[in-house]
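Good morning, and thank you for coming. Please look at the sequence and the structure on the screen before I begin.

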Amino acid sequence: MREQNILTINSGSSSLKFGLYERRRDDECPRFDSEVDIPAGEEAAAMARATEQIAARSQVPPIAIGHRVVHGGPKLTEHQRITPQVLDELRASTHFAPLHIPAAIALIELAGRAYPEVPQFACFDTAFHRTMPESASRFALPHGLYDEGVKRYGFHGISYESIVHQLGDRIPPRCVIAHLGSGASVCAVKDGQSIDTTMGLTPTGGIPMATRVGDLDPGVLLYLMRTKNMHADAIEQMVNHESGLKGICHKSDMREIERAADAGDAQARLAVEIFCMRIRKTIGAYAALMGGLDLLVFAGGIGEHSERVRSKVDQGLEFMGDFRTEVIASQEDIQIARHVRAMLASDDKSDARREST
């Protein structure tokens with residue numbers, strides 16, 4: 001039987017994860033996965049290295065390719081097959097995520113050239129949050145901006161989907177998931193659906209992150225423009241790459257920050273305290289939104305591996321009563337493969353129906 005592999009492509013800010021997945025025991029299982037560095041503008045070299053590694057492990061091309069796309073703008077909010085029209089809409093939405101969408105488009109085009117006969121699918125990080133009510137997604141800005149797509153989209157959706165999938169029937173009515181890594185966000189999940197999340201129009205908002213500022217009084221940006229003569233590009237550089245934990249203590253890796261805190265670095269201790277306090281405040285707010293909390297899930301590199309962060313986040317939440325805490329590893333690439341195989345099967349059924357009529 002011909003191999004039925006799904007190729008997943010998951011690009012981050014500095015790396016490209018990719019893998020081949022096959023269907024086994026009613027779920028997707030990795031045949032192979034790897035990661036290569038992907039400096040800005042070097043997508044072609046990273047993709048070339050990826051295809052070389054894939055060819056060394058499989059003699060036949062994948063049956064489909066699934067891409068993690070961070071932001072699809074206001075019109076692309078559901079996982080779907082990539083068509084020329086979808087690519088055009090992505091290009092038109094670049095201003096919503098100028099750090100992410102151009103790289104995603106480049107990788108889609110490169111994969112199309114490497115595997116010209118293979119269908120490609122986009123899995124959007126924003127898709128999980130399309131269930132948020134308008135009261136959560138809307139900013140208190142003039143109505144016209146909302147109509148233009150200026151609203152809270154939310155991100156890390158594929159990670160959240162994978163955790164909901166892993167919980168299965170065990171997921172309780174009121175759940176908060178904290179995806180804590182270099183990029184970090186928190187999501188309120190009620191009855192298995194997102195009803196609020198911390199990231200907003202872009203992945204810069206929400207809780208402080210490794211180098212991203214998180215939520216910020218807009219007056220600060222006006223101050224920087226008026227007194228420091230900073231333009232949009234300089235502000236974008238600051239809030240995305242020079243702020244967050246790095247802005248507080250000159251370090252962005254939580255492991256390094258914890259070691260520095262243990263050695264007596266006051267700024268490192270402050271960075272940990274601010275990070276954990278903002279997460280704890282958000283969990284309390286989401287518990288109030290849902291009328292209580294049944295389950296708190298920690299995911300992401302920091303959430304999975306930092307007992308100190310988990311403990312400091314938990315401190316002070318006792319007033320909410322009994323709830324259980326779990327650590328669950330995110331499975332973004334497996335979740336992409338699940339979606340792609342399901343969409344491919346749906347397309348095949350649609351084609352069969354058309355041929356029979």
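I shall go through two sheets, the helices on them, a pocket and an aromatic pair.

This is a predicted model, in which local features need pLDDT of at least 70 and side-chain atom pairs count only at pLDDT 80 or more, while totals for chains, interfaces and linings use all residues. Residues are numbered from 1 along each chain as its sequence is written, and side-chain values use heavy atoms, with hydrogens and water left out.

A word on terms. Helices (H or I, at least four residues) and strands (E, at least two) are DSSP runs, numbered from the N terminus. Two strands count as paired if DSSP finds at least two bridges between them.

Let us begin with the sheet of six strands. Its order is 3-2-1-4-6-5, and it is an open sheet with mixed pairing. Strand 3 (27-37) and strand 5 (80-81) are at the edges with a single partner strand each, so one side of each has no neighbour in the sheet. Strand 4 (residues 64-69) pairs with strand 6 in the parallel sense, over five bridges. Gly66 is found opposite Phe121 in strand 6.

Two helices belong in this picture. Contact here means heavy atoms within 4.5 Å; axes are lines fitted to C-alpha atoms, for helices over the stretch in contact, and angles run from 0 to 180 degrees between N-to-C directions. Helix 3 (residues 101-114) packs on the sheet and touches strand 1, strand 2, strand 4 and strand 6, with its direction at about 170° to that of strand 4. Helix 1 (residues 43-57) lies across strand 1 (6-11), strand 2 (15-24) and strand 3, at about 135° to strand 3.

I turn to the sheet of five strands. This open sheet has the order 9-8-7-10-11, again with mixed pairing. Which strands stand at its edges? They are strand 9 (193-197) and strand 11 (324-327); each has a single partner strand, so one side of each is left without a neighbour in the sheet. On average, neighbouring strands of this sheet are turned by 25° against each other, direction ignored. Strand 10 (residues 295-299) runs parallel to strand 11 and is joined to that strand by four bridges. Val297 has Glu326 in strand 11 as its bridge partner.

Helix 6 (residues 157-167) lies across strand 7 (174-180), strand 8 (184-190), strand 9, strand 10 and strand 11, at about 130° to strand 7. Helix 11 (residues 266-290) lies across strand 7, strand 8, strand 9 and strand 10, at about 15° to strand 8.

Helix 6 also takes part in an aromatic pair, linking distant parts of the chain: Tyr160 is in this helix, and Phe128, 32 residues apart, is in the loop between strand 6 (120-124) and helix 4 (134-137).

Finally, the lining of the second largest pocket: its largest share, six residues, comes from helix 8.
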